[in-house]
Amino acid sequence: METATPVTNESPLDAEQKSAAHDAEKETRQSLWAELGLTEPEFLDDSLAPEVDDGLLRRLVRQELPEKVARAVYRRIYSFKSWHHAHAQVLLDELKKSRQPADP
């Protein structure tokens, strides 16, 4: 099955220049860690990570976990990229929910 190439009015040269400019901007942009003068944390191999548990992360964000369990979950978040990204998504989801007006 072939995929269609999107049709744009932009010339290939313009698209290439925009791509190069984006790449250059990305290289010069510092990470939050670098801006704070800290080294970027290194994650462990995600193949070693337990399966992400969104319910557990949600309970962590809602502060419903005992301290010992919360510490263990934070270790997973800081150790594995999959847990780190899932935690960020749960935080965003919970923030959106908290900003929605209550139904009458």
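## A pocket, a core and four residues

The largest pocket of this protein has a volume of about 290 Å³, and because the structure is a predicted model, this value, like the others in the report, describes the prediction. Lining the pocket are Ser31, Leu32, Trp33, Leu36, Glu40, Pro41, Phe43, Tyr78 and His84. When these lining residues are sorted by character, six are nonpolar, two are polar and one is charged.

Seen as a whole, the protein has five helices and zero strands, and reading from the N terminus the order of elements is therefore simply α-α-α-α-α. Of its 104 residues, 13% count as buried. The surface that the protein exposes comes to about 9,100 Å², and 53% of that area is supplied by carbon and sulfur atoms. Among the contacts in the protein with a separation of 6 or more, 66% are made by residues that stand 24 or more positions apart.

What makes up the largest nonpolar core? The core consists of twelve residues, namely Ala49, Leu56, Leu57, Leu60, Leu65, Ala70, Val73, Ile77, Phe80, Trp83, Ala86 and Val90. At least two residues of this core come from each of the helices α3 (54–61), α4 (67–79) and α5 (81–99). In soluble globular proteins, nonpolar side chains tend to be buried together.

Tryptophan 83, a member of this core, lies in helix α5. Is tryptophan 83 buried or exposed? Tryptophan 83 counts as buried because its relative accessibility is 0%, which is under the 20% that serves as the limit for a buried residue. If neighbours within four places in sequence are left aside, tryptophan 83 is in contact with Ala49, Pro50, Glu51, Val52, Asp53, Leu56, Leu57, Val73, Arg76 and Ile77. One of these partners, aspartate 53, is 30 residues away along the chain, yet its C-alpha atom and that of tryptophan 83 are separated by 8.4 Å.

Two further residues of helix α5 can be described in the same terms, beginning with histidine 87 and continuing with serine 82. Histidine 87 has a relative accessible area of 12% and is therefore buried, and beyond its neighbours within four places in sequence it is in contact with Leu57, Leu60, Val61 and Ile77. Serine 82, by contrast, counts as partly exposed because its relative accessibility is 25%, a value that falls between the limits of 20% and 50%. With neighbours within four places in sequence again left aside, serine 82 is in contact with Asp46, Ala49 and Val52. The C-alpha atoms of serine 82 and valine 52 are separated by 7.1 Å, although the two residues are 30 residues apart along the chain.

Where is glutamine 63 found? Glutamine 63 is in the loop between α3 and α4, and it is exposed because its relative accessible area is 73%, which is over 50%. The backbone of glutamine 63 also deserves a remark, for its phi is near 60°, a positive value in a residue other than glycine. Most residues other than glycine have a negative phi.

The table sets the four residues side by side by their relative accessible area.

| Residue | Relative accessible area | Class |
|---|---|---|
| Tryptophan 83 | 0% | buried |
| Histidine 87 | 12% | buried |
| Serine 82 | 25% | partly exposed |
| Glutamine 63 | 73% | exposed |

How values were computed. Residues numbered from 1 in each chain as written. Predicted model: local features only at pLDDT ≥ 70, side-chain atom pairs only at ≥ 80, totals over all residues. Heavy atoms only, no water. Helix = DSSP H or I, 4+ residues; strand = E, 2+ residues; numbered from the N terminus. Buried < 20%, exposed > 50% of the residue type's maximum accessible area, 1.4 Å probe, protein only. Contact = heavy atoms within 4.5 Å. Areas by Shrake-Rupley, 256 points an atom, 1.4 Å probe, with all protein chains shown as cover. Core = buried A, V, L, I, M, F, W, Y, C linked by side-chain atoms within 4.5 Å. 1 Å grid on protein atoms, 1.4 Å probe; cavity = no way out; pocket = protein on both sides within 12 Å on 5 of 7 lines; lining within 4 Å. Points joined across faces, edges and corners; volume = space filled by probe spheres on them. Nonpolar A, V, L, I, M, F, W, Y, C, P; charged D, E, K, R; others polar.
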